[in-house]
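Open the structure in your viewer and keep the selection tool at hand. The stops below say what to select next and what is there.

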Amino acid sequence: MKTIEDLGDLAGQRVLVRSDLNVPIKDEVIGDDGRIRASLPTLIKLAKAGAKVIVTAHLGRPKGEPNPAYTLAPVAKRLGELLQPEGITVHFATDVTGESAQEAVQELDEGEVLLLENVRYDPREESKDEAERGALADELAALADVFVSDGFGVVHRKQASVYDVARKLPHAAGGLVLAEVEVLKKLTEDPARPYVVVLGGAKVSDKLAVIDNLLAKADKLLIGGGMVFTFLKAQGHEVGKSLLEEDQLDIVRGYLKDAGDKIVLPTDIVVAPEFKGDSPATVVAADAIPADQLGLDIGPESGKAFAAEISGAKTVFWNGPMGVFEMAAFAGGTKAVAQALTEVDGLSVVGGGDSAAAVRQLGFADDAFGHISTGGGASLEYLEGKELPGLAVLEED
Ligand code: ADP
Ligand code: MG
C-alpha cells in the first residue's frame, strides 16, 4: 500500500481525505470523540505539508437524504477546537459535493482543513450500483488532486467515498489505516502465545463468522455479553428472557462440539427481572437462570476467571462488552476484563465502537492498552480473513 510519503510534494495540492468521524452525538453534544482524535495525526501531517485538506466522512444512517439530525456540523466544530492549538483552521461545507463544497474548496488556503457535510446525505454513497457510486466518486474526485484513505472504520465498505473514489485519483493509505492494519497483521500472522480472544456485545450472528476463523488461531475464546445466552441455550440450559438468537443455535452447537476446551463460557451471570439500571440484580449460576429474569452481565466469579486467562496471555484481542455496561449495575464484567487487558505483558487490542466507549467511560486511559481500534466491523472482517474492499483498492495502481 502506498503511503502519504509516496504521493510526493503536497504543498498547494488539494488532498481529499476519507476519515471516520462517526461519533455518538446526542442533542448536538458529542459523547466519545475518540474517532475524531484518532483522525488528527493524518490531517495535521497533510496540513503541515502545505496541502489543502478536504475531509469527507459520514455520521449515522441518514438514509441518503439531508437530515439535520445527522449533520457533521458539531464534528466540524470539535475538529476546529482540536486543531486550533496546531494553528490549523477548519471550515465546513453544508453539502457533499454541491455549490457550498465547490466554493469552499476554491477559497481553501494551503494548510487549512475543510470538512464536507455527511457523505451519506447522498444516496449514491451506499448504492449497490457501481455507475451510481462512480458518479458521486467523480464529483468528489473533481474537488481534489489526490486521495488519502484514513477512515479505518469504513474500509470494509464498498462505498463511493471509500472505494470508488480511490480508483479516480492517485491514492495512499493514511497513518491511521496503516497503524490499524499493522496491529491486525500481528493478530493474524504468528501471534505470540497464549493468544486469548474475548468476544461479547449484542449480536451473535455478526460475530459468528469471526469465531469460525479465530477458533483455528486462538488458544482460548472467552464468551461474554449478550452472546452468552445462545451458547448456554445450545448447551440445553434455561436462559429466561435473555438475549437469544434461536436461528444460530445449530451453528453454536457445532462450535461447542469442535472447540474442545478452547471456548470458555461464564459460570455465573448477573440477572434482573427487567432491562433497567435499577432493576434488582442478583447473581445466579449460569445453568440456573430463572425463567422470568434476563442476564445482563457475566458474574464476579466469571469476571475473575476471565481476568486470569487474559492477564496470563501474550496476545489478547477483545471485542464486545461483557454486559450492559451503560448501566453501572451491569458494568462489573466489562470492568474486570478491561482491567485485565491493561495488565497484559504483550499485545492487548480493544476493537469495536462500544467496547472503546466502554473502556473510556469506565475511566481507563487509552494508553493503558496496546491498541484501541477505531473500527469494530472492519477489524472483525479482517480477522475473519475477508478481503476488505477499501484496503484492496489501495493496493491497485
Ligand atoms: P462493539 O460495538 O464493541 O462491537 P456491540 O455493538 O456488539 O459491541 O455490542 C455492544 C452492546 O452490547 C452494548 O450496548 C451492551 O449494552 C450490549 N450488551 C452487552 N451484554 C448484553 C446483554 N447481556 N444483554 C443485552 N445487551 C448486552
Ligand atoms: Mg456496537
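## Stop 1: helix 12

Select helix 12, residues 376-384, where 8 of the 9 residues are buried, so the helix is largely enclosed by the rest of the structure. The model is a predicted one. Colour the buried residues of helix 12: G376, A378, S379, L380, E381, Y382, L383 and E384.

What covers the buried residues of helix 12? Add helix 5 (175-188), helix 6, strand 15 and helix 13 (389-395) to the selection; the cover includes these four elements.

Next, move to the end of the helix. Helix 12 is followed by G385, which has a positive phi, near 90 degrees. Then select K386 and E384, which form a salt bridge with the closest N and O atoms 3.4 Å apart. E384 has a relative accessible area of 13%; the limit for buried is under 20%, so E384 counts as buried. K386 has a relative accessibility of 44% and therefore counts as partly exposed.

## Stop 2: strand 16 and its neighbours

Select strand 16, residues 347-351. How many of its residues are buried? The count is 5 of 5, and the strand is mostly covered. Show the side chains to see the two directions: L347, V349 and G351 point one way from strand 16, while S348 and V350 point the other way. Residues on both sides are buried.

Now add strand 15, residues 315-319. Strand 15 and strand 16 run parallel and are joined by 5 bridges. To find one of the pairings, select T315, whose bridge partner in strand 16 is L347. Follow the chain between these strands through helix 10, residues 332-342: strand 15, helix 10 and strand 16 make up a β-α-β unit that is right-handed.

Then add strand 17, residues 371-372, which pairs with strand 16 in the parallel sense over 2 bridges. Here H371 of strand 17 stands opposite V349. A right-handed β-α-β unit is found here too, made of strand 16, helix 11 (residues 353-361) and strand 17.

## Stop 3: the domains and the cores

Zoom out and colour the chain by domain. Domain 1 covers 4-179 and domain 2 covers 190-384. Their C-alpha centres are 34 Å apart. Where the domains touch, 10 residues of domain 1 are in contact with 10 residues of domain 2.

Which residues have the most contacts inside the largest nonpolar core? Select L116, I211, I223 and I263; the core to which they belong has 73 residues. Helix 6, residues 204-217, gives the most to this core, with 6 residues. Both domain 1 and domain 2 give residues to this core, so it lies between them.

Centre the view on I223. Leaving out residues up to four places away in sequence, I223 touches L199, I211, V228, F231, I263, V264, L265, P266 and F306. Another core lies apart from this one; it has 32 residues, among them V15, L21, L59 and V75. In soluble globular proteins, nonpolar side chains tend to be buried together.

## Stop 4: salt bridges

A search of the whole structure gives 23 salt bridges. Begin with R14 and D145, which form a salt bridge whose closest N and O atoms are 3.0 Å apart. The pair links distant parts of the chain, 131 residues apart: R14 is in strand 1 (residues 14-18), and D145 is in the loop between helix 4 (130-142) and strand 7 (146-149). With a relative accessibility of 25%, R14 counts as partly exposed. D145, at 27%, also counts as partly exposed.

Next, select R35 and D20, another salt bridge, with the closest N and O atoms 3.1 Å apart. R35 is in helix 1 (residues 34-48) and D20 is in the loop between strand 1 and strand 2 (25-26), so the pair joins distant parts of the chain, 15 residues apart. Are these two residues buried or exposed? R35 is buried, and D20 is buried as well.

For the last stop, select D33, R37, K77, R78 and E81 together. Salt bridges link these residues in a network.

Conventions:
Residues numbered from 1 in each chain as written. Chains lettered and ligands numbered in written order. Predicted model: local features only at pLDDT ≥ 70, side-chain atom pairs only at ≥ 80, totals over all residues. Heavy atoms only, no water. Salt bridge = Lys/Arg side-chain N within 4 Å of Asp/Glu carboxyl O. Buried < 20%, exposed > 50% of the residue type's maximum accessible area, 1.4 Å probe, protein only. Pairing = 2+ DSSP bridges. Right-handed = clockwise from strand over helix to strand, strands pointing away. Core = buried A, V, L, I, M, F, W, Y, C linked by side-chain atoms within 4.5 Å. Domains from an automatic or database assignment. Contact = heavy atoms within 4.5 Å.
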